[in-house]
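Work through the exercises below with the structure in view, and try each task yourself before you read its solution.

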Amino acid sequence: MALKKTLTIAGSDTSAGAGMQADLKTFQELNTYGIVALTSIVTMDEKTWSHDVTPIPFDVFEKQLETAISIGPDAVKTGMLGTQEIIKRAGEAFVESGADYFVVDPVMVCKGENEVLNPGNTDAMVEYLLPKATVVTPNLFEAGQLANLGTLKSIDDMKKAAEIIHQQGAAHVIIKGGKALDQDKSYDLYFDDKQFYQLTTDMFQQSYNHGAGCTFAAATTAYLANGKSPKDAVIAAKAFVASAIKNGWKMNDFVGPVDHGAFNRVEHIDVEVTEV
Ligand code: ADP
């Protein structure tokens, strides 16, 4: 059977734990053919690791989309988009591509940086991306921003946010509690329009987890492309990223990426699924 093709519309993380590098590595591990339309290039200061974001000129972004669409992706994922113009265009490109699945990772900050990249972008994601999304994968902060509920602190808060984000048009919502909710376990909340499910794994080390969010969304994209249902895709993606986080490693004094290949090379981790 032909390889399914998965397109990521995302930024380049030169340290290669997150961004389109994480997406391509994950696509490869999960047996899809990864394609990229690059929005920006993130570089790091070698002394402080502060980030510098260099946008790709819009006409070059557009040319990449034309090439990628002509290849015919089966699933499309978005990562760091950067501007409202790019957000709008990414939503249109998904429709033009004819792909079956659209995974929206509503990236709002670069990890390690506190500044929200551009507040107006949240409204643009709600307007142009969520109504088309098969699955949207916000973390707690991003879900609070999208739903306009501020800081989410509990599973009940996550349920409220998931309902609002679903009403905004996303067919399926997974809010990543991750490390922010509890110290012992890692909880995510999935909502499929009818029922809430809590996905739980053990909590692994938290120092070397750069790229976890991108890897989770990319794994969801690859599993969808290869035929899993949205619910089974997010459960499998949580298992995939849990192995990657458990095997995260120290790159330097500032950052440690997840090991994108750990699921295939090292170990599988159980995900507990409960209705809540
Ligand atoms: P983001 O990078 O978007 O903030 P997260 O890192 O919060 O995303 O989450 C990505 C996935 O990894 C989620 O399924 C989350 O629950 C899980 N996760 C994050 N940190 C840990 C950890 N230390 N141990 C186990 N799972 C984790």
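## Exercise 1: A loop residue

Asp-193 is found in the loop that links β8 to β9 (196-202), and the model in which we look at this residue is a predicted one.

Task: decide whether Asp-193 is buried, partly exposed or exposed, and state what is noted about its phi.

Solution. Begin with the accessibility, for which the class in between buried and exposed runs from 20% to 50% relative accessible area. Asp-193 has 41% relative accessibility, and therefore counts as partly exposed. Turn next to the backbone, where phi of Asp-193 is near 100°, a positive value in a residue other than glycine. As background, most residues other than glycine have a negative phi.

For practice, repeat these steps with Asn-31, which lies in the loop between α1 and β2. Its relative accessible area is 52%, so Asn-31 is exposed, and the phi of Asn-31, near 65°, is again a positive value in a residue other than glycine.

## Exercise 2: The sheet and one of its strands

Task: give the order of the strands in the open sheet, name its edge strands, and then describe the surroundings of β4.

Solution. First, read the order across the sheet: the 10 strands follow one another as β3-β2-β1-β4-β5-β6-β7-β8-β9-β10, and the pairing is mixed. The edge strands are β3 (51-55) and β10 (272-275), each of which pairs on one side only.

Second, look at the pairs that β4 forms. Strands β1 and β4 run parallel and are joined by 4 bridges, with Lys-77 in β4 as the bridge partner of Thr-8. Strands β4 and β5 also run parallel, with 4 bridges between them, and here the bridge partner of Thr-78 is Val-104 in β5.

Third, find an antiparallel pair to set beside these: β7 (residues 172-177) and β8 (residues 185-191) run antiparallel and are joined by 4 bridges, and Ile-175 has Leu-189 in β8 as its bridge partner.

Fourth, consider the two faces of β4. In a regular strand the side chains alternate between the two faces of the sheet. In β4, Ala-75 and Lys-77 lie on one side and Val-76 and Thr-78 on the other, and all of them are buried, so that both faces are covered. Helix α3 (residues 84-97) lies across several strands, β4 (75-78) among them, and runs at about 160° to β5.

## Exercise 3: Three helix pairs

Task: classify the packing of α2 with α3, of α1 with α8, and of α8 with α9.

Solution. Take α2 (residues 58-71) and α3 first: their axes are 10 Å apart and the helices pack at an angle of about 15°. Angles under 35 degrees count as roughly parallel, and so α2 is roughly parallel to α3. The crossing of these two helices is right-handed. Among the residues that meet are Phe-58, Phe-61 and Leu-65 in α2 and Ile-86, Arg-89 and Ala-93 in α3. By class, the contact of α2 with α3 has 6 nonpolar, 1 polar and 4 charged residues.

Continue with α1 (residues 19-29) and α8, whose axes come within 8 Å and cross at roughly 40°; α1 and α8 are therefore oblique to each other. Here too α1 passes α8 in a right-handed crossing. The contact includes Ala-22, Asp-23 and Phe-27 in α1, and Cys-214, Ala-218 and Ala-222 in α8. Its residues divide into 6 nonpolar, 4 polar and 1 charged.

Finish with α8 (residues 212-225) and α9 (residues 230-246), which pack at an angle of about 140° with their axes 8 Å apart. This angle makes α8 oblique to α9, and the crossing in which α8 passes α9 is right-handed. Among the residues that meet are Phe-216, Tyr-223 and Leu-224 in α8, and Val-234, Phe-240 and Ile-245 in α9. The contact of α8 with α9 has 13 nonpolar, 2 polar and 1 charged residues.

## Exercise 4: Along the chain and through space

Task: how far apart are the C-alpha atoms of Glu-46 and Phe-254?

Solution. Glu-46 sits in the loop between β2 and β3 and is exposed, with a relative accessible area of 67%. Along the chain, Glu-46 and Phe-254 are 208 residues apart, while their C-alpha atoms are separated by 9.4 Å.

Note on methods. Residues numbered from 1 in each chain as written. Predicted model: local features only at pLDDT ≥ 70, side-chain atom pairs only at ≥ 80, totals over all residues. Heavy atoms only, no water. Axes fitted to C-alpha atoms, helices over the stretch in contact; angles between N-to-C directions. Parallel < 35°, antiparallel > 145°, perpendicular 65-115°, else oblique. Left-handed = near helix turned anticlockwise from the far one by under 90°. Contact = heavy atoms within 4.5 Å. Nonpolar A, V, L, I, M, F, W, Y, C, P; charged D, E, K, R; others polar. Pairing = 2+ DSSP bridges. Buried < 20%, exposed > 50% of the residue type's maximum accessible area, 1.4 Å probe, protein only.
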